[in-house]
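This note is addressed to a colleague who is new to the structure. It takes up a few points of backbone geometry, one by one.

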Amino acid sequence: MALTGRSWLLLSAAFLSTGAEISITPEPDQPAEGDNITLVVHGLSGELLAYNWYAGPTLSLAYLVASYIVSTGDETPGPAHTGREAVRPDGSLDIQGVLPGHSGTYILQTLNRQFQTEVGYGHLRVYEILAQPVVMANSTELVERRDTLRLICSSPSPAEVRWFFNGEALPIAVRLGLSPDGRVLTRHGIRREEAGAYQCEVWNPVSVSRSEPIDLKVYFGPERVAILQDSTTRTGCTIKVDFNTSLTLWCVSRSCPEPEYVWAFNGRALKDSQDHINISSMTAAQEGTYTCIAKNPKTLLSGSASVVVKLSAAAVTMSIVPVPTKPMEGQDVTLTVQGYPRDLLVYAWYRGPASEPNRLLSQLPSGSWIAGPAHTGREVGFANCSLLVQKLNLTDAGRYTLKTVTLQGKTETLELELQVAPLE
């Protein structure tokens, strides 16, 4: 009787398998999609008439790939044939350009001359060439200890997943926040040291693909707000400054992003909104408490630091020096005032004790000066409180008195005995 594909299918259903040890292994053993592979059969024995290949868990017609008659080489495709399969004379099955859909259980059924069937089982797994995954985040800008980070590694493949942080394998402490499948990373109460670049990588035995990095920012602070002078922390201290010298105070803090700064003087907000404040010329008017307030626009937190600034003891000393120091009759002399208050409101010079009849001149808040009852027409006043006396005569010798009044109402009186040498 001639054996056809149709009659072979009928016979295969009529006789039980003998249970011989037939095994099937794929070559290569870890094929990638697109490879040409062979399901190699081992353990065949006796003279065989035909083969049936099935791609499925049972000997069902729906899973039949192909029937093959050994004597004629005729091959009949079955319902499960994809157009890529071909049976070899030795019973092995070739699959051209294998796809992930070819993965699964394969069964070979053989028929010998005694019309006995034998069955062998094998498994094929086809690995994908993996597409690049994408990391998705609930947010890339988080506040430390307040927000939760949730990263998802999105990939259409069921491949294994690895995570990377700043190009290195994810630290163990962070890995504790991974889901069982490794695709979701969750961190409650995110910390600043966890800011950086995150990537995920999908892999299988034949392919690896890593995502583009996603950068995470973690905002914190401000912390440790401090005021510096010349790189020295002065928070809570009293800074003593010489009269008429400059002073720069810097405000520093640990914060991300950089905070916004506001300065206050004796509790009143100043216009300065930089990280430093400069006092160009120290006077009594600048004495007081300086406070820096640092505000973080992301965390909505703030912090402050204060210092007390005072004039040094030597700074308040005012003196009068005549130039030249020993003027002669007929010369001009300037009574130069050193250490005068920069917050000066008005001053007055007197010829003798400080009384109205003795007043030489006064300077007004506008900067102009007016002559007094004792003015001789030879005296000129300057903004720095100095007094010029022109063309001295011997009667100009004697006591001169300076009286100053500051913006705060502080009054100070200073005297000088001027000597005038006669011409020889």
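Strands, as the word is used below, are DSSP runs of E with at least two residues, numbered from the N terminus. The model under discussion is a predicted one.

1. Background to the points. Most peptide bonds are trans, and most residues other than glycine have a negative phi. The residues listed below are presented with that in mind.

2. Arg145. This residue lies in the loop that runs between strand 11 (141-143) and strand 12 (149-154). Its phi is near 65°, a positive value, and Arg145 is not a glycine. Arg145 counts as exposed because its relative accessibility is 57%, and exposed means over 50%.

3. Asn166. A positive phi, of about 55°, is also found at Asn166, which is not a glycine. Asn166 belongs to the loop between strand 13 (160-165) and strand 14 (168-169). With a relative accessibility of 46%, Asn166 counts as partly exposed.

4. Cys256 and Pro257. The peptide bond joining Cys256 and Pro257 is cis, with omega about 0°. Pro257 sits in the loop between strand 21 (247-256) and strand 22 (260-265).

5. Val323 and Pro324. Here, too, the peptide bond is cis: Val323 is joined to Pro324 with an omega of about 0°. The loop that holds Pro324 connects strand 27 (319-323) with strand 28 (333-338).

6. For inspection. Where should a reader look for Pro324? Pro324 is to be sought in the loop between strand 27 and strand 28.

Terms used: Residues numbered from 1 in each chain as written. Predicted model: local features only at pLDDT ≥ 70, side-chain atom pairs only at ≥ 80, totals over all residues. Heavy atoms only, no water. Helix = DSSP H or I, 4+ residues; strand = E, 2+ residues; numbered from the N terminus. Buried < 20%, exposed > 50% of the residue type's maximum accessible area, 1.4 Å probe, protein only.
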